[in-house]
Every structure is written in structure tokens, then in C-alpha cells.
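Trainee: Could you take me slowly through a single part of this model, explaining each term as you go?

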Amino acid sequence: MQFHHHGYVSGDPRVQPAAGVGLDRPQELPDEVDVLIVGSGPAGMIAAAQLAQFPHLTTRLVERRPGRLEVGQADGIQARSVETFQAFGFAGRITEEAYRITEMAFWKPDPDQPGNIVRAAVAPDDPTGISEFPHLIVNQARVLDYFAEAARNAPGRLEPDYGWEFLDLDVGTDEVAVRLRRSAGVDEGLERTVRARYVIGCDGARSRVRESIGRELVGDRANHAWGVMDVLAETDFPDIRTKCAIQSHDGGSILLIPREGNYLFRMYVDLGEISDEDHGKVRETTQAEVEARANRILHPYTLTVKHVAWRSVYEVGHRLTDKFDDVPAELVGVRHPRVFITGDACHTHSAKAGQGMNVSMQDGWNIAWKVGHVLDGRAALSLLDTYSAERHVIAQDLIDFDRRWSKLMAAKPEKLSDPTELEDFYVKTAEFPAGLMTRYEPSMITAGAEHQDLAAGFPIGKRFKSHPVSRVCDGNPVHLGHHHRADGRWRIYVFADRPAPGEPSAATDFAEWITSSPDSPVVAHTPQDRDVDACFDVKVVYQQPHAEVELGRVPRAYLPKVGPYQLVDYEKVYAADPADDVFEACEISRDGAVVVVRPDHYVSHVLPINAHADLTAFFNGIATPKHHPATTAPQP
């Protein structure tokens with residue numbers, strides 16, 4: 001964490017200095033905004049936290065509820081999400097209060113007494129170390145609290161406007177007219193219209209934003225029902241504090257998820273297949289019936305529920321919209337989108353793969369930084385077209401995965417092609433539910449793989465997998481990717497060639513070019529009234545141990561002066577750790593490489609260090625010339 005560069009900070013350093021609209025944020029919802037976010041679920045709150053880092057933009061979030069969510073339905077936090085929390089500054093704190101999943105137990109019918117269940121296998125949750133972050137269980141409400149804190153502490157000082165219900169919208173030539181109604185407070189029932197340049201719909205599976213732009217969820221009809229409950233209970237089941245997949249001989253199955261705080265746990269209880277004539281009647285299943293079903297599955301163990309914190313009955317369905325924005329297929333490339341939908345508003349699936357909240361957050365982060373860049377004048381309008389193109393593919397992959405996982409969970413053991421099919425699938429596909437299989441296809445922000453061999457450990461289109469390095473200024477061991485905060489900046493990682501600092505090298509030549517050439521993205525696209533690293537965070541990693549890297553010989557591009565006092569930022573110069581060499585572990589060429597990472601952690605490009613023209617061309621295809629925030633932003 002960095003602070004003091006704008007003056008001495010004696011309070012909470014997580015509270016950034018207010019700027020722009022954050023200096024005098026009006027309490028009342030304005031009539032005109034740059035971005036209106038509808039819904040304070042995971043996608044909405046991460047979008048708010050990201051856009052609050054663009055303080056020259058007026059962003060507001062409206063929520064129908066009168067206040068914060070108290071009991072959330074989602075609880076599984078995958079490793080990719082914890083990486084995301086690190087970017088927003090709260091991974092450590094939420095990990096401390098969460099339940100950590102390290103393994104999963106698989107229970108099946110006892111071959112000798114099929115009416116009973118026995119533990120058949122225990123599989124590690126992350127057998128290959130795909131992330132340095134853990135798989136967590138924590139209430140969705142707490143996730144939203146942390147994002148709300150991040151938005152509130154950001155320069156834009158964004159806070160939700162509770163008690164406003166979305167009614168409909170009308171997309172005009174240069175704005176969106178959004179009709180809202182007061183759903184709480186002394187003026188309940190009052191209607192008004194807010195005009196926004198962009199709208200991000202994060203309002204769930206029954207999304208009115210989706211309906212307003214003519215999109216609909218299409219897919220499989222529900223044919224299997226589950227009762228889910230968060231409970232405090234007395235039981236003799238021995239693995240009650242371990243994540244379990246429990247399959248009985250004839251009573252169905254249970255997915256058991258221990259919850260944070262030691263005593264609470266969640267059970268997804270199989271209620272069986274439902275007929276086409278059910279018409280939602282299964283949702284009337286009582287708590288007593290769900291508990292009886294759970295006891296039948298758990299036999300010979302028993303479960304006595306003492307308190308129900310939350311419960312629901314739902315049917316598994318897999319549905320997807322054809323597009324995640326308001327541009328009709330025939331107008332793609334003719335006009336750019338103004339309205340976007342995220343999360344359950346555009347894709348729905350079962351909860352048992354633990355993906356709903358996780359994928360929704362990546363939707364929200366993906367569109368938020370892009371809208372921020374366009375409105376801040378940093379990027380061309382065509383950047384907005386990449387949101388639906390990128391995230392629709394990911395949603396389809398999720399539905400395909402969840403359809404397979406849900407089918408395996410609901411299958412009777414004797415119907416499986418192999419007795420270990422369920423646990424084998426869990427282990428073999430670990431990277432997908434961890435949120436780390438996402439790989440974006442080539443686009444204006446994702447280059448081709450011509451030079452991928454220079455840094456094979458950083459696949460283009462996938463998230464930037466962090467690795468330990470040594471910080472040169474103080475010798476501290478740190479994780480390189482953990483300093484990539486959700487501040488809207490691009491990262492340019494220079495993995496230096498063999499010579500040490502001060503010696504003639506490609507890394508030294510790159511430093512001279514990036515700071516002085518008019519073709520450099522830093523020079524060409526950073527406003528003169530901002531810090532030199534305001535838009536592009538350039539870091540260097542040397543091959544030598546940190547004790548052999550002399551800071552006095554490091555080029556100034558890697559030691560920029562920032563803030564009103566023009567103080568040197570020493571935390572951009574790193575060295576390989578001889579005990580865990582990043583060059584070897586991440587298959588980086590000893591001739592060096594440049595790895596470009598976009599604001600939401602995904603690798604955009606890998607280039608030779610001396611490929612200056614290629615780096616110029618890449619960013620010229622994305623970024624606008626030097627701009628002044630909020631005054632010369634491109635008009636949609």
C-alpha cells in the first residue's frame with residue numbers, strides 16, 4: 001500500500017484523497033449522470049468500486065432495497081475472485097473471516113449396506129497450485145460490504161442510492177432516459193427520470209433493464225429441483241465441517257458447504273426431477289420436507305436443525321441472452337452500445353458450481369473499466385463493443401460446465417459411467433470453477449500469440465498469474481501481481497534482458513524510449529496535468545538478485561516522480577528471487593520480454609523488449625491522444 005506522497009496521512013490509509021465529484025458529492029440523485037448502475041449485487045458493487053476510481057465521472061448506483069443486503073444467497077468465493085479482492089484492497093481481511101476450503105470429501109452408498117453412506121474419497125481443492133489465493137466461503141452480503149467500502153473510500157466517494165426502483169428506459173441518440181420510482185422513504189411512489197450517458201444493468205434474473213432493451217433469457221427448462229438451507233444444526237455426520245458431495249443409493253444427493261464462523265453450514269438437498277406439469281409447485285416444498293429428505297440421504301447419520309438462517313427452493317435452469325448490450329445484431333459496428341447487462345440479468349445456472357457471484361463480478365469489472373476509459377477520454381468508443389463479445393463466450397462456457405456438473409451431482413451412483421466419475425471431474429476441471437480458465441480471444445485489447453514463446457507462463461488472453469519477486473528498494477519478497485490495484489491503469493511489465501542496470505541493454509533502451517519518444521504510449525496518451533504513471537504503470541524485473549541491482553543505475557522510467565511533491569516511487573523495480581526465479585517459473589526468455597496487462601488483470605500482449613513500434617501500434621488502436629478528463633471525452 002502506498003500513501004504519504006500527497007502529504008502526511010495519519011488516518012486510515014485505505015481512504016484515498018477525495019477528488020472530482022468526490023469533493024462535494026450531492027446527497028440527492030442528480031438528474032443527469034455519466035453512468036447509472038442499476039442493482040447493488042456483486043456485479044453492480046464491483047462496477048461502482050471501479051468507477052469510483054474515475055472521480056471526474058458522475059456515477060450513481062440505484063437499488064430497490066431500502067438498505068444493504070443482510071442475507072446473501074451466494075457464498076462460494078473462487079480463487080480468481082480473491083485475486084480480484086486483492087486488487088480492490090481487501091483480500092486479506094475477507095480471508096480472515098471466511099471459511100477456507102482445502103479439500104472435498106465424496107460420500108457414496110456403502111457397497112455392503114447400500115442404505116447407508118460412507119466416505120469414498122477426499123480430493124484436494126487445488127492440487128496443482130493454480131493460484132496463491134484460497135477458495136473461500138463467505139456471505140455475499142459481506143462481499144458487497146467490502147466493495148461498498150472500496151467505493152466509499154475511493155476518490156469519487158461513491159455510495160449506493162437505496163430506495164429507487166428501476167421502471168424502464170429509453171435509449172436516445174446521445175443519452176439514456178431512465179425512469180425510476182421511489183420504493184422506500186417518505187416520498188415512496190414518487191417517479192422521476194434520470195438521464196445517463198451509459199446504463200449498467202445488474203438487477204438479477206428478472207432484470208427490467210434486460211427487458212427494456214429487448215433481450216430475453218433463452219435455454220433449458222428447469223427439470224430438477226433443490227432445497228437449499230443455511231442452518232445451525234445438531235448432527236453426527238463426521239464431515240459436517242468439510243465440503244462434501246454426498247450421493248445416496250435412492251434418496252438423492254446433497255452438496256454440503258461449511259460456512260464461515262464455524263457453526264453455520266449450507267446444504268443443497270436434491271428434491272428430484274420435476275415434471276413439465278409442476279408449474280413451480282415444487283417451490284412450495286416445506287422446510288420440514290427438505291429436512292426429512294436430507295436425513296434420508298445422510299442415513300445412517302442424522303440431522304436435527306435448530307435454526308434456519310435462510311432457505312429457498314429452486315429449479316435448475318440454464319439460460320443465456322444472445323447479447324449483453326443494447327445494440328441489435330444488424331447494427332453491430334454501426335453504433336456503439338449505451339446499455340449493458342451483467343450477471344444473472346444475462347446468464348443463469350445452478351448454484352452448485354459456485355460460479356454465480358464470481359462470474360458476475362468479472363462481468364461488472366470488465367464493463368466498468370471500459371466505460372471509465374471511454375468517458376475519461378482515454379479510449380475509443382469501440383472499446384465498449386468488446387464487453388459483450390468477451391463475456392458472452394465466458395457465460396456459455398460456464399453454462400456448459402454447470403450443465404455437466406449438475407447432471408453428475410444429481411445422478412445416482414449406479415448410473416455413472418465410472419464409480420469415481422464425480423470426483424475425477426472435480427479434480428480434472430479444478431481450473432474452471434476456480435475462475436482461471438477464462439481466455440479472451442484476439443481483439444483490439446487482446447493481441448495474437450506471435451511472441452507468446454517469450455513469456456509462455458503468461459498466456460495472452462488469460463489472467464496475469466502472479467509470482468514472487470524481490471523488491472529492490474528494501475529487499476522484501478513480494479508478489480508481483482499483488483501490486484496491480486483496481487485503479488484503471490494498464491500495466492507494462494518489462495522483464496529485463498541479461499545485462500545489469502546501467503549496462504547497455506534492451507531494458508535500458510526501452511526505458512529511454514518509453515519516457516521520451518513521442519510514439520511511446522506513456523508520452524502519447526498521458527495528460528500533461530497528470531502523473532507520468534497515471535495511465536500506464538511501467539515496472540521492471542531484473543534477472544540479477546536484488547543485492548546486485550543498484551538503484552542509482554536504474555533508468556528513470558522505472559523510478560518515476562509522482563504526486564505534488566514529485567517524490568520517487570521506488571516500488572516499480574524488482575529482481576528475480578534466486579530460490580524461485582520468475583524467469584524460469586514463468587518461462588520468460590533470458591533475452592527479456594514486455595508483458596502488457598489490462599486494468600482487470602488479463603494479459604493483452606507479449607512482445608520483445610525492442611518491439612517499440614508494435615507496442616505503439618497496439619495502444620494506438622485502443623487509446624486516444626492526450627486528453628483532459630471529463631472535458632474532451634469522446635462523445636458517443
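Mentor: What follows is a close look at one strand and its neighbours, with a second strand described in a similar way afterwards.

This is a predicted model, in which local features need pLDDT of at least 70 and side-chain atom pairs count only at pLDDT 80 or more, while totals for chains, interfaces and linings use all residues. Residues are numbered from 1 along each chain as its sequence is written, and side-chain values use heavy atoms, with hydrogens and water left out.

Let us begin with strand β28, which covers residues 593-597; strands (E, at least two residues) are DSSP runs, numbered from the N terminus. Five of the five residues of β28 are buried, where buried means under 20% relative accessible area, exposed means over 50%, and partly exposed lies in between, with a 1.4 Å probe and protein chains only. In a regular strand the side chains alternate between the two faces of the sheet. In β28, Ala593, Val595 and Val597 lie on one side and Val594 and Val596 on the other, and all are buried, with both faces covered.

Now consider the neighbours of β28, remembering that two strands pair if DSSP finds at least two bridges between them. Strand β23 (residues 490-495) pairs with β28 in the antiparallel sense over five bridges, and Phe495 stands opposite Ala593. Strand β29 (residues 603-607) is also antiparallel to β28, joined to it by four bridges, and here Val597 has Val603 as its bridge partner. The strands β28 and β29 form a hairpin with five residues between them, and in the turn His601 has a positive phi of about 85°.

With that picture in mind, you can read strand β16 (residues 265-273) in a similar way: eight of its nine residues are buried, so β16 is largely enclosed by the rest of the structure. Strand β13 (residues 224-235) runs antiparallel to β16 and is joined to it by eight bridges, with Met229 standing opposite Met267. Strand β15 (residues 253-258) is likewise antiparallel to β16, with five bridges between them, and Ile254 stands opposite Val269. A hairpin of β15 and β16 has six residues between the strands, and there Gly261 takes a positive phi near 90°.
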